[in-house]
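Student: Could we take a close look at one part of this model together? I would like to start with the ligand and then follow the chain outward.

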Amino acid sequence: MKHLLARNRHLVQRIGFTSITMMAFATVFPIVATVIYILIKGGPAISLEFLTGFPHDGMRAGGILPAIIGTVYLTLGTAVFSVPLGIAAAIYLSEYAADTPLTRTIRIAIINLAGIPSVVYGLFGLGLFVLFLNFGTSILAASLTLSIMTLPVIISTAEESLRAVPQAFRTVSISLGATRWQTIQRIVLKEALPGILTGVILGLERAAGETAPILFTGAAFFLPRLPGSPFDATMALPYHLFVISTQVPEMPIKIQYGTALVLLVFVLTMNLIATIIRSRARAKRQW
Amino acid sequence: MNKIVIEDLSLQYSDGTESLRGVSLGIRQNAVTVLFGPAGGGKSTLLRCLNRLNDLTEVKASSGKILIDGENILDPKVDVIALRRKVGMVFARPVVLPLSIRENLTYGLELAGERRRVKLDEAVERSLRLAALYEEVKDRLDDPAIALSGGQQQRLCLARSLVLQPEVILLDEPTSGLDPISTGKVESALQELKQDYTIILVPHSIQQAARTADFAAFFLQGELIEFGEGKSLFTTPKEKRTEDYITGRFG
Ligand SMILES: Nc1ncnc2c1ncn2[C@@H]1O[C@H](COP(=O)(O)OP(=O)(O)OP(=O)(O)O)[C@@H](O)[C@H]1O
Ligand SMILES: [Mg+2]
């Protein structure tokens, strides 16, 4: 009887393990399948001309350079606003703000901001940056809109990384005659940097792939030249993909998948960089 | 000569704990003064008052005075940075900063504005020798400090507090995690150091208290019960409660 129970338990454990493993595969499978599918379908479209040329024949031929450049501009523009502001906010929340109802409200607001649908950010950006501040449909307005969307991600990951730095480091630093700010600069930020960078990249990666926030604020259907200033509208990869997939009749499938592939590689590369930073930091960590 | 005079010091944390109650105490220059007593007696709290490290914690109310060289350091107008350079501290758990051995030592000096390489190198060597660590680490000053053993880390922390050439050194159970040999090294370093410094030590055992104390203060639940010369206090305590604690009847 005892014997039987023991064997039974063994069996249950095996079944448990197997099903967990299968579930893990089930979550990874769609991602891998998508990447492979797009790679196969879009791979043949990739050529030097595709990456460095302008679209022509009503976007049915040629390259996607303006969309690539546009996405790079928008990502950098987003970084310019959201990174310094986000890190500053995180430093304030983690290092200076006392635990008061006000700061608790701020934190809850930040968490909730992360859950707002991106099209709402788009409308907000249209109202505030494009119309009210009169930036027009421009890289500037789109970058600011994307920044607002990205900020919560950056703030909450940065705050978390700052809080993870042991309190004892701060105490010791202060006891050696450092000010709070010197302690943050020399010890806390340095230790939290990998975590902060990871959050920044993940936030920017999301911004790079979004269509809705730039739809009304900065994205152009087609431009015959590259944008010349932050006040110009721009083409962008995700919006271009949307356009050529839904708005252009008789669009060659190959170009659609080629564009998707470029966007995917762009975003996955950022993801890869974030992963490398994180694992390197973990290996080097001294606490 | 009394370096430090504590007058009627009381302190209450924001959760309501009264950690110090009317403590008055004079601390002699160039001597080791030991603060001992059972857990929660307020020893660490008192140390953290002496370099104003309690500014970082939530203190509800405090009253009284701490005079160092005649100046009340609890005065809000006091330059706390200068105070902390003058009153160094070594914590119970050795916390090395996530920097190299050398950088741990030069950290405070660089913050104080010292840039000259020669001066920094001199200070590193001097403080390591004082903490009896120099021979063990002289060839690997640029290695991460975390790679040192626990005992070495604690002596590095001692050295780090000495780099700034403080006048007072606070040590909160500095040998609690150390083996007897490392403990011995730290204790003999302290005996050397007291020629030049005022040392306040919270020992991790009564034996250590008795070994090291020139003067000793017995704390119980925030109150100073008895204070006197180490020799007489540990052999012929005046207070019943001190005697009970020393002879192991409680605590
Ligand atoms: N940051 C704090 N906030 C609230 N209460 C505290 C804080 N630090 C210490 N206390 C309380 O103050 C009292 C004295 O604590 P303290 O750490 O000074 O004692 P101690 O004599 O150093 O004890 P130990 O021998 O355990 O180190 C204790 O009751 C403790 O719970
Ligand atoms: Mg203590």
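Which helix gives the largest share of the shell around ligand 1, and how many residues come from that helix?

Tutor: Happy to! Keep in mind that this is a predicted model. The helix you want is α1 of chain B, residues 43–50, which supplies 4 residues, the largest share of the shell around ligand 1. The shell has 14 residues, and those that come nearest are B:Ser19, B:Gly40, B:Lys43, B:Ser44 and B:Thr45. Sorted by class, the shell holds 8 polar, 4 charged and 2 nonpolar residues.

Now zoom in on the atoms. A polar side-chain atom of B:Thr45 lies 2.5 Å from an oxygen atom of ligand 1. Backbone atoms take part as well: a backbone N or O atom of B:Gly42 is 2.9 Å from an oxygen atom of the ligand, and for B:Gly41 the corresponding distance is 3.1 Å. Taken alone, ligand 1 exposes 630 Å², and the protein buries 65% of that.

Let's move outward to the charged pairs. Side chains of opposite charge can pair when their charged atoms come close. Over all chains, the structure holds 24 salt bridges. In one of them, the side chains of B:Arg84 and B:Asp55 meet at 3.9 Å, N to O. B:Arg84 sits in helix α2 (residues 80–86) of chain B and B:Asp55 in the loop between α1 and β4, so this pair ties together parts that are 29 residues apart in sequence. The two partners differ in cover: B:Arg84 counts as buried because its relative accessibility is 5%, whereas B:Asp55, at 41%, counts as partly exposed.

Another pair is B:Arg155 with B:Glu136, whose side chains meet in a salt bridge of 2.9 Å, N to O. This pair links distant parts of the chain, 19 residues apart, with B:Arg155 in helix α6 and B:Glu136 in helix α5 (residues 134–137) of chain B. Here B:Arg155 is buried at 2% relative accessibility, while B:Glu136 is partly exposed at 30%.

For a pair within one helix, look at B:Glu125 and B:Arg129, which form a salt bridge with their closest N and O atoms 2.9 Å apart. Both belong to helix α4 (residues 117–130) of chain B, and because they are 4 residues apart there, about one helical turn separates them. B:Glu125 is partly exposed, with a relative accessible area of 31%, and B:Arg129 is partly exposed too, at 44%.

Salt bridges can also join into a network, as with B:Lys3, B:Asp69, B:Lys86 and B:Glu167. B:Asp69 deserves a second look, since this residue is not a glycine and yet has a positive phi of about 50°. Most residues other than glycine have a negative phi. You will find B:Asp69 in the loop between β4 (59–68) and β5 (71–72) of chain B, where this residue is partly exposed at 42% relative accessibility. B:Gln165 is also a residue other than glycine with a positive phi, near 45°. B:Gln165 lies in the loop between α6 (150–163) and β7 (168–172) of chain B, and counts as exposed because its relative accessible area is 52%.

Definitions and conventions. Residues are numbered from 1 along each chain as its sequence is written. Chains are lettered from A and ligands numbered from 1 in the order in which they are written. This is a predicted model: local features need pLDDT of at least 70, side-chain atom pairs count only at pLDDT 80 or more; totals for chains, interfaces and linings use all residues. Side-chain values use heavy atoms; hydrogens and water are left out. A residue is near a molecule or strand if one of its heavy atoms lies within 4 Å of it. A polar contact is a pair of N or O atoms within 3.5 Å; within protein, one must be able to donate a hydrogen and the other to accept it, and residues adjacent in sequence count only if both atoms are side-chain atoms. Accessible areas come from the Shrake-Rupley method with a 1.4 Å probe; for residues, only the protein chains shown count as cover. Helices (H or I, at least four residues) and strands (E, at least two) are DSSP runs, numbered from the N terminus. Ala, Val, Leu, Ile, Met, Phe, Trp, Tyr, Cys and Pro count as nonpolar, Asp, Glu, Lys and Arg as charged, and the others, Gly among them, as polar. Buried means under 20% relative accessible area, exposed over 50%, partly exposed in between (1.4 Å probe, protein chains only). A salt bridge is a side-chain nitrogen of Lys or Arg within 4 Å of a carboxyl oxygen of Asp or Glu.
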